[in-house]
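Good morning, and thank you for making time for this item. I would like to take you through one model, beginning with a single side chain and working outwards.

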Amino acid sequence: MRADATRNLEAVLTTGARMLAHDPSASISAIAAEAGIDRRTVYRRFASREELLSAIYDSRLTAVEQVVRAARLTETAVPVALHRYVEGIIEVNRAWPVELTRMRAEPSIQDRRNRLTAEVETFLQRATDEGFLRADVPDGWAGRLLIQLLHLASREDMDAPRAADLLVETFLSGVGAR
């Protein structure tokens, strides 16, 4: 793809993610206008809103996969890996604020999403096994709490590193080992 085509695609996808999160009925024409791209260009790439939505979901998952790889959840010290993961996910949530309920139901992305969820759950079990998290909380509690804290931190008006610092401190104080 040419550099300008790549930039246009990225603009359409990120603008689409933002607009659809704010207004799920946003049209392709409105998204194209907001992105500063001719709607015909968008329609050549995406024949329908569903195709555009699928591409947005794919882009979000690709970004999450990159965060999980960069965090090195299996080999880096738990607090460092947790911070890397949290900071990266806050940035992904801000760049790709798509409606996740619908994303979870999309069959084409279910396997990728399940694999990522399993990697994070394995990491949280490792954190528990190594004494960073309490073992006396219900199964899945730490993961569900982390997801909620990530959503909250993503909406805060502070830079991602500071939000990650606060989230990790809160998480490890709340479900961290005593």
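**A helical chain, seen from one phenylalanine**

Let me begin with F123, which counts as buried because its relative accessibility is 4%, under the 20% limit for that class. The residue belongs to helix α7, which covers residues 107–129. Before going further, I should state that this is a predicted model.

What does F123 touch, once residues up to four places away in sequence are set aside? Its contacts are L73, V78, A81 and L82. Of these, V78, A81 and L82 are themselves among the buried residues of α5. F123 can also be placed relative to E75: the two are 48 residues apart in sequence, and their C-alpha atoms are 9.8 Å apart in space.

That brings us to α5 itself, residues 78–95. Its 18 residues should span 26 Å at 1.5 Å a residue, and the end C-alpha atoms are 25 Å apart, so expectation and model agree. The buried residues of this helix are V78, A81, L82, H83, Y85, V86, G88, I89, I90, V92 and N93. As a reminder, an α-helix has 3.6 residues a turn, so residues three or four places apart point the same way.

Next, please look at L146 in helix α8, residues 141–155. With a relative accessible area of 3%, L146 is buried, since the limit is 20%. Leaving out neighbours within four places in sequence, L146 is in contact with L82, Y85, V86, V120, L124, L167 and F171. Three of those names, L82, Y85 and V86, appear in the list of buried α5 residues. L82 is therefore a contact of L146 and also of F123, given that contact means heavy atoms within 4.5 Å. By way of contrast, the C-alpha atoms of L146 and F46 are separated by 34 Å, with their positions 100 residues apart along the chain.

Towards the N terminus, L9 lies in helix α1, residues 3–22. L9 is buried as well, at a relative accessible area of 17%. From L9 to A33 is 24 residues in sequence and 13 Å in space, C-alpha to C-alpha.

One loop residue deserves a comment. R72 sits in the loop between α4, residues 49–71, and α5. Its phi is near 50 degrees, a positive value in a residue other than glycine. Most residues other than glycine have a negative phi. R72 is partly exposed, at a relative accessible area of 41%.

Now to the chain as a whole. There are 9 helices and 0 strands, and the C-alpha trace spans about 60 × 35 × 30 Å along its principal axes. Of the 178 residues, 40% count as buried. Among contacts with a separation of 6 or more, 70% come from residues 24 or more positions apart. The exposed area is about 10,000 Å², with 52% supplied by carbon and sulfur atoms. There are 24 positive and 26 negative side chains, and the centres of the two sets lie 4 Å apart.

Finally, how confident is the prediction, and where is confidence lowest or highest? The mean pLDDT is 89, and 92% of the residues reach 70 or more. Helix α5 has the highest mean, at 96, whereas α6, residues 100–105, has the lowest, at 66. Where pLDDT is low, the predicted coordinates should not be read in detail.

Definitions and conventions: Residues are numbered from 1 along each chain as its sequence is written. This is a predicted model: local features need pLDDT of at least 70, side-chain atom pairs count only at pLDDT 80 or more; totals for chains, interfaces and linings use all residues. Side-chain values use heavy atoms; hydrogens and water are left out. Helices (H or I, at least four residues) and strands (E, at least two) are DSSP runs, numbered from the N terminus. Buried means under 20% relative accessible area, exposed over 50%, partly exposed in between (1.4 Å probe, protein chains only). Accessible areas come from the Shrake-Rupley method with a 1.4 Å probe; for residues, only the protein chains shown count as cover. Lys and Arg count as positive and Asp and Glu as negative; His and the chain ends are not counted. The place of a charge is taken as NZ of Lys, CZ of Arg, CG of Asp or CD of Glu. The expected span of a helix is 1.5 Å times one less than its number of residues. pLDDT is the predictor's confidence in each residue, from 0 to 100.
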